[in-house]
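Biologist: I'm new to this one and keep tripping over the vocabulary. Could you put it on screen and let me ask why things are called what they're called?

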Amino acid sequence: MGLQRFAALGRFVAVLVLVAACSPTTTTPSAEPPAATPIHHLVIVFEENVSFDHYFGTYPHAANTDGQPFTARLDTPAVDGLTPDLLTHNPNSVQPMRLGGPGQQVTCDQDHAYQAEQSAANAGAMDRFVEHDEGEPCPPPAFNAPGLVMGYYDGNTVTALWNYAQHYSMSDNFYNTTFGPSTPGHINLVSGQTHGVTTKFMPGGQPFPAAHGDSRRRQRARDAHRRFAALRRLLLLSGPGAVQRQ
């Protein structure tokens, strides 16, 4: 498939779920011995508005030409990501480009609206992301380039995430069952559906009430998103020793 950045709305938020053991309904003692390492917490980290390939497309191989050096363990399995063929003969109109170095840590936002994502997927052909998901130009210091929607990072930039992947399970073939944007995707991840929520409609199909100064709120939200993106990049640049097995 094409660059999966755009198939699965990816998201980058942490969800903490407490997993409690169920008490048996019978007084008969269990024949199975207790687990040596019982699960107490399940932590799910999912990407915000980006796909698996945007951060893990070339995992576990980093270019090591800039940023934090990264070398994976020898027994690290490969992922269903950007193969050599997809890197150089991608069906999209622009080939995937590696992002890295201090000047490319914060990028212009790319379109992740429902209709744009649906059009980009092109009935499963996965070949129209440049035409439908390319974001609007934005001023410096944010980085922008033609075909930026096909950009990806590796372990030299998102070092902390790649270190997590060295120690914990990772889903390289998970696909959300809805397109963008963020909030419906969050709801869908937790509940398996969106209960009718979209960017325009509440549950039950009623539109959200109009808010005074809505355009100013949207601009403030975009500004906040860019500031958050800059902070997120700094956090992801934590050194190779930042993540330790618990």
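Biologist: Why is asparagine 122 called partly exposed?

Modeller: Its relative accessible area is 32%. Buried means under 20%, exposed means over 50%, and partly exposed is in between (1.4 Å probe, protein chains only). So 32% makes asparagine 122 partly exposed. Bear in mind that this is a predicted model: local features need pLDDT of at least 70, side-chain atom pairs count only at pLDDT 80 or more, and totals for chains, interfaces and linings use all residues. Residues are numbered from 1 along each chain as its sequence is written, and side-chain values use heavy atoms, with hydrogens and water left out.

Biologist: What makes the phi of asparagine 122 worth pointing out?

Modeller: Phi there is near 55 degrees, a positive value in a residue other than glycine. Most residues other than glycine have a negative phi. You'll find asparagine 122 in the loop between α3 (114-121) and α4. Those names come from DSSP runs numbered from the N terminus: helices are H or I with at least four residues, strands are E with at least two.

Biologist: And how do you know whether histidine 195 is buried or partly exposed?

Modeller: Its relative accessible area is 43%, so histidine 195 is partly exposed. Histidine 195 also has a positive phi, about 60 degrees, although it is not a glycine. It sits in the loop between α6 and α7 (214-236).

Biologist: Why does asparagine 92 count as buried?

Modeller: Because its relative accessibility is 3%, and that falls under the buried cut-off. Asparagine 92 belongs to the loop between α2 (84-88) and β3 (97-98).

Biologist: What makes the pairing of asparagine 92 with asparagine 90 a polar contact?

Modeller: The term needs a pair of N or O atoms within 3.5 Å; within protein, one must be able to donate a hydrogen and the other to accept it, and residues adjacent in sequence count only if both atoms are side-chain atoms. The two side chains make their contact at 2.9 Å, so the distance fits. A polar atom of the asparagine 92 side chain also lies 3.0 Å from the backbone oxygen of methionine 126.

Biologist: Which residues of α6 are buried?

Modeller: In α6 (residues 182-191), they are Ser182, Pro184, Gly185 and Asn188. They cover an arc of only 165 degrees around the axis, so they lie on the same side of α6. That arc is taken from the directions from the helix axis to the C-beta atoms.

Biologist: Where are the cis peptide bonds?

Modeller: One joins tyrosine 59 and proline 60, with omega about 5 degrees. Another joins proline 140 and proline 141, with omega about 10 degrees.
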